[in-house]
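Work through these short exercises with the model open beside you. Try each task before reading its solution.

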Amino acid sequence: MYLHRLSLFPGRRSPRLRLRGYSTSSPGAVDPSKSKLPLKGLRVLDLTRVLAGPYCTQILGDLGAEVIKVEHPTRGDDTRAWGPPYAPSKDGGKGESAYFLAVNRNKKSLGLSFKHPSGQRILQQLAKASDILVENYLPGTLRNYSLDYPTLHELAPHLIYASITGYGQTGPYKDRAGYDVMVEAEMGLMHITGEPERPPVKVGVAVTDLTTGLYCSNSILAAVIARAGNGGVGQWIDVALSDCQVATLANIASSVLISGKGDEGRFGTAHPSVVPYESFPTTDGNIILGGGNDRLYAILCQRIGKPEWITDPRFVTNEERVKNRRILVLMMAEITRSKTTQEWLEIFDSSGTPYAAVNDIQATLSHSHVLARDMVKTVHHPTCGDIKLVNTPVKYSDSTPGIRTPPPTLGQHTDEVLMDLLGYSSDEVEELRRDRVVA
């Protein structure tokens with residue numbers, strides 16, 4: 001099956017676009033019987049930058065989709081400049097930022113300006129040859145370049161088009177730019193994060209961006225399945241950071257809706273309804289201990305050498321422990337301060353009660369369990385040499401997702417995409433370079 005591409009060079013015969021033998025109603029349809037990669041055969045046109053969008057498309061890439069990342073031809077994705085730290089290049093240059101490397105593996109980089117009409121036409125051709133398009137521009141922005149959903153739906157009815165924005169395509173805030181920390185604040189998360197009687201704080205990573213990327217990738221896969229039962233016709237997916245943040249308020253939101261009362265504020269590492277269940281100081285750090293029910297609380301008391309607390313009327317049930325939270329927590333802290341974190345870990349080993357050291361990131365990435373689960377991988381980058389990346393987290397009994405290619409350099413695959421996929425000649429590509437359409 002072939003489609004003719006729009007000619008960017010009047011008077012020249014337009015080469016034909018090869019769609020790998022699949023029906024135009026579903027180019028790149030997945031054939032699981034021929035691959036250990038669940039999404040092999042799907043092609044994703046990635047018009048996203050920074051975190052939520054690239055995180056979404058990286059998940060799709062890890063699962064086997066071909067992801068073509070479209071970047072500004074001179075500066076690339078904004079996060080290429082978000083450093084230090086950088087992975088230095090082998091020639092002594094600045095190299096690639098750790099931020100960019102975190103969310104852009106298993107992708108091809110096409111350096112292209114879609115402000116140029118020729119760039120717009122190239123992206124329209126790529127939309128025809130792709131199954132999925134993901135973008136994270138303000139609502140209405142891509143309409144200026146004929147890359148909006150209505151336009152591309154006419155050109156490529158099979159296309160699944162996912163838009164990630166701060167506040168969605170509708171509503172009074174739809175034209176506002178959305179940033180993780182602003183949405184954390186506005187949509188309740190920051191209010192319940194931090195220590196009691198201290199100012200609210202943001203979560204240590206951009207968790208709203210990450211959950212939005214997860215929701216978006218999940219929604220895209222649902223749309224791929226829906227397309228198979230809808231005559232091969234795609235649809236528009238509207239994913240908002242604000243909606244995803246409200247959804248992930250989970251039981252806290254449910255408590256407010258059911259009770260009709262406000263939330264209980266910030267609890268630090270503690271649990272609002274379970275005591276003890278928080279971080280306690282040691283001589284050299286902190287340890288999390290949890291007495292999630294009366295049985296586990298009794299085990300905890302035995303292990304810290306205070307069996308008499310099991311029958312103390314102030315602490316005999318969780319309800320009483322919640323009422324006397326401050327008393328019990330202070331008493332426990334006096335005891336936990338007497339030993340190192342490692343000593344407490346050994347005491348609680350095989351106890352059946354929840355416990356964990358509070359590790360920093362370096363300790364986490366060198367943790368024996370993390371390494372045993374293959375969560376840190378070394379890959380070879382074309383300009384930076386060997387670098388370490390966090391691996392994809394889900395293990396399958398049969399499929400083999402993972403890191404197949406390192407994050408690309410800017411424009412690393414421009415020639416491949418234009419010539420091998422769209423059928424351009426080397427002279428045509430060079431002309432586009434001279435016109436600063438591609439890099």
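Ala, Val, Leu, Ile, Met, Phe, Trp, Tyr, Cys and Pro count as nonpolar, Asp, Glu, Lys and Arg as charged, and the others, Gly among them, as polar. Keep in mind that this is a predicted model.

**Exercise 1. Sort the lining of the second largest pocket into nonpolar, polar and charged residues.**

Step 1. Start with the pocket itself. The second largest pocket has a volume of about 540 Å³.

Step 2. Find its lining. There are 19 lining residues, and Glu195, Pro196, Glu278, Arg326 and Val329 lie nearest the centre of the pocket.

Step 3. Apply the classes above. The lining of the second largest pocket holds 8 nonpolar, 4 polar and 7 charged residues.

Step 4. Look at the elements. Strand E11 (277-281) and helix H11 (325-336) are the ones that give two or more residues to this lining. H11 gives the most, with 5 residues.

**Exercise 2. Place the second largest pocket relative to the domains.**

Step 1. Divide the chain. Domain 1 covers 43-251 + 407-435, and domain 2 covers 277-357.

Step 2. Check the spacing. The C-alpha centres of domain 1 and domain 2 are 45 Å apart.

Step 3. Conclude. Both domain 1 and domain 2 give residues to the lining of the second largest pocket, so the pocket lies between them.

**Exercise 3. Describe the largest nonpolar core and name the elements that supply it.**

Step 1. Count its members. The largest nonpolar core has 30 residues.

Step 2. Pick out the residues with the most contacts inside this core. They are Leu45, Ile122, Leu123, Leu126 and Leu418.

Step 3. List the elements that each supply at least two residues of this core. The strands are E3 (43-47) and E4 (66-71). The helices are H3 (117-128), H4 (149-155), H15 (414-421) and H16 (426-434).

Step 4. Find the largest share. H3 supplies it, with 4 residues of this core.

Step 5. Add the general picture. In soluble globular proteins, nonpolar side chains tend to be buried together.

**Exercise 4. Examine three salt bridges, then find a network of them.**

Step 1. Recall the principle. Side chains of opposite charge can pair when their charged atoms come close.

Step 2. Take the total. A search of the whole structure finds 21 salt bridges.

Step 3. Go to Glu71 and Arg80. Their closest N and O atoms are 2.8 Å apart, and the two form a salt bridge. Glu71 and Arg80 are both buried.

Step 4. Go to Asp175 and Lys174. Their side chains form a salt bridge at 3.4 Å, N to O. Asp175 has 53% relative accessibility, so it counts as exposed. Lys174 has 30% relative accessibility, so it counts as partly exposed.

Step 5. Go to Asp374 and Lys377. This salt bridge is 3.3 Å, N to O. Asp374 is partly exposed because its relative accessibility is 34%. Lys377 is partly exposed too, with a relative accessible area of 30%.

Step 6. Find the network. Salt bridges link Arg43, Glu66, Lys108 and Glu416.

**Exercise 5. Locate two cis peptide bonds and two residues with positive phi.**

Step 1. Set the background. Most residues other than glycine have a negative phi, and most peptide bonds are trans.

Step 2. Inspect Gly83 to Pro84. This peptide bond is cis, with omega near 5°. Pro84 sits in the loop between E4 and strand E5 (86-87).

Step 3. Inspect Val275 to Pro276. This peptide bond is also cis, with omega near -5°. Pro276 is in the loop between helix H8 (250-259) and E11.

Step 4. Turn to Ser146. Its phi is near 55°, a positive value in a residue other than glycine. Ser146 belongs to the loop between strand E8 (132-135) and H4. With a relative accessible area of 29%, Ser146 is partly exposed.

Step 5. Turn to Arg436. Its phi is positive, near 60°. Arg436 is in the segment after H16. With a relative accessible area of 71%, Arg436 is exposed.

**Exercise 6. Where is Gln235, and how far is it from His153 in sequence and in space?**

Step 1. Find the loop. Gln235 lies between helix H6 (207-228) and strand E10 (236-240).

Step 2. Check exposure. The relative accessible area of Gln235 is 37%, so Gln235 is partly exposed.

Step 3. Take both separations. Gln235 and His153 are 82 residues apart in sequence. In space they are 8.2 Å apart, C-alpha to C-alpha.

Conventions. Residues are numbered from 1 along each chain as its sequence is written. This is a predicted model: local features need pLDDT of at least 70, side-chain atom pairs count only at pLDDT 80 or more; totals for chains, interfaces and linings use all residues. Side-chain values use heavy atoms; hydrogens and water are left out. A salt bridge is a side-chain nitrogen of Lys or Arg within 4 Å of a carboxyl oxygen of Asp or Glu. Buried means under 20% relative accessible area, exposed over 50%, partly exposed in between (1.4 Å probe, protein chains only). On a 1 Å grid over the protein atoms alone, a cavity is a set of points where a 1.4 Å probe fits but cannot get out, and a pocket is an open set with protein on both sides within 12 Å along at least five of seven lines; lining residues have an atom within 4 Å of a point. Grid points are joined across faces, edges and corners, and a volume is the space filled by probe spheres set on the points. Domain bounds come from an automatic or database domain assignment. A nonpolar core is a set of buried Ala, Val, Leu, Ile, Met, Phe, Trp, Tyr and Cys residues joined through side-chain atoms within 4.5 Å.
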